[in-house]
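Biologist: I am new to this structure and should be grateful for a close look at a single part of it, namely the aromatic rings and their surroundings. Please begin with the rings themselves and then place them within the chain.

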Amino acid sequence: MSAPPAKNINPLLAKYLAQLALHPLRTKALTTGTLCFVQEILGSKLAGVPIRAPKDSSPAVHALAAAGVDLKAFKMGLYGFLVSAPLSHYLVTQLQKAFAGKTSPAAKVSQILANNLLVAPIQTAAFLSSMAVINGATSLSEIIKTVKAGFFSVIRIQWVVSPASLIIAQNFIPVELWVPFFNMIQFVFGTYFNYRVKKLRLAALKKEKEKKEGDDKDSSSS
């Protein structure tokens, strides 16, 4: 079954799709950059991560911190704008060109396999490399270590989420709405994983603090 044509599109969505058709890369970059920025803020808020500005910061920085916006949110926005969107645009465009007009079951399965075996690994490596830099990696060896440590954990999730979302898109989503659809999927899962990582980090810091306090008590009592 092929995806149905789009009907009764919201005027704002119609304008967005028009921009997507006229300026695909620019529109995708602005969209992904904005979503990555918001995703970082939401992840911090949901996880209860405190955002504090240095005491000597400007009033603008303090105001941003009060709203839950820190430097990492801007870095995530840049990652979405400069890395994620252009890479995804190129890879997905090539994938769609390769399977344009092919609606047989075999073609749909081949598209899913190509996405899992070619597109997903490249996107995962780019994501982990960028996260390593954003989180403070300063050498190639640190970046490679981060990619090796997280690659199979991330790719396993990609191999579940990507085929499921692609099957839905192939059968129920008009082709012109694929970009907003996949943006929504990535935003929801990206926010969830961001939240989970931050919660785990907070739990680890709490455990480390409690262990340190316990060691200090033992040292003072001995």
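Modeller: In this predicted model, a suitable starting point is the ring of F99, since the charged end of K102 sits over that ring, 5.7 Å from its centre. The cut-off for such an arrangement is that NZ of Lys be within 6 Å of the ring centre and within 35 degrees of the ring normal.

From a charge over a ring we may pass to rings beside rings. A pair of aromatic rings is described by the distance of the centres and the angle of the planes. A search of the whole structure finds seven aromatic pairs. One of them joins F151 and F152, whose ring centres are 5.4 Å apart and whose planes stand at 90 degrees, so this pair is edge-to-face. The two partners are placed differently with respect to the surface: F151 has a relative accessibility of 18% and therefore counts as buried, whereas F152, with a relative accessible area of 53%, is exposed. The limits explain the two labels, because buried means under 20% and exposed means over 50%.

Elsewhere, ring pairs link W178, F181 and F182 into a cluster. Two members of this cluster, W178 and F181, also belong to the largest nonpolar core. That core has eleven residues: L17, L20, I112, V161, L166, A169, I173, L177, W178, F181 and I185. Three elements give two or more residues each to the core, namely α1 (11-22), α6 (140-172) and α7 (178-221). A second core, separate from this one, has eight residues, including L128, A132, F151 and I155. The buried ring of the edge-to-face pair, F151, is thus found in the second core.

To see how W178 is surrounded, one may list its contacts beyond the neighbours within four places in sequence. They are Q96, Q111, L166, A169, Q170 and I173. Among these, L166, A169 and I173 are also residues of the largest core.

S165 offers another view of the ring cluster. This residue belongs to helix α6 and is buried, its relative accessible area being 5%. Its C-alpha atom is 9.9 Å from that of W178, with their positions 13 residues apart in sequence. Neighbours within four places aside, S165 is in contact with F181, F182 and I185; the first two of these names are those of rings in the cluster.

On the side of helix α1, L20 serves as an example. L20 is buried, with 10% relative accessible area, and is a member of the largest core. Leaving aside neighbours within four places in sequence, its contacts are T27, K28 and V179. With V179, L20 shows how distant stretches of sequence come together: 159 residues separate the two along the chain, yet their C-alpha atoms are 8.8 Å apart.

A charged pair also brings distant parts together. The count of salt bridges comes to one, formed by K198 and E40 with their closest N and O atoms 2.8 Å apart. K198 lies in helix α7 and E40 in helix α2 (residues 24-47), so the bridge ties together parts that are 158 residues apart in sequence. Both K198 and E40 are buried.

Further along helix α7 lies A204, which counts as partly exposed at 43% relative accessibility. Its C-alpha atom is 15 Å from that of N194, ten residues away along the chain.

These details may now be set within the whole. The protein chain has seven helices and zero strands. Its C-alpha atoms fill a box of roughly 75 × 40 × 30 Å along the principal axes. Of its 222 residues, 34% count as buried. The chain exposes about 13,900 Å², of which carbon and sulfur atoms supply 68%. Finally, among contacts between residues at least 6 apart in sequence, 73% join residues at least 24 apart; the contact of L20 with V179, at a separation of 159 residues, is one of this kind.

Terms used: Residues numbered from 1 in each chain as written. Predicted model: local features only at pLDDT ≥ 70, side-chain atom pairs only at ≥ 80, totals over all residues. Heavy atoms only, no water. Phe/Tyr/Trp six-rings, centres within 6.5 Å; stacked < 30°, edge-to-face > 60°. Buried < 20%, exposed > 50% of the residue type's maximum accessible area, 1.4 Å probe, protein only. Core = buried A, V, L, I, M, F, W, Y, C linked by side-chain atoms within 4.5 Å. Helix = DSSP H or I, 4+ residues; strand = E, 2+ residues; numbered from the N terminus. Contact = heavy atoms within 4.5 Å. Areas by Shrake-Rupley, 256 points an atom, 1.4 Å probe, with all protein chains shown as cover. Salt bridge = Lys/Arg side-chain N within 4 Å of Asp/Glu carboxyl O.
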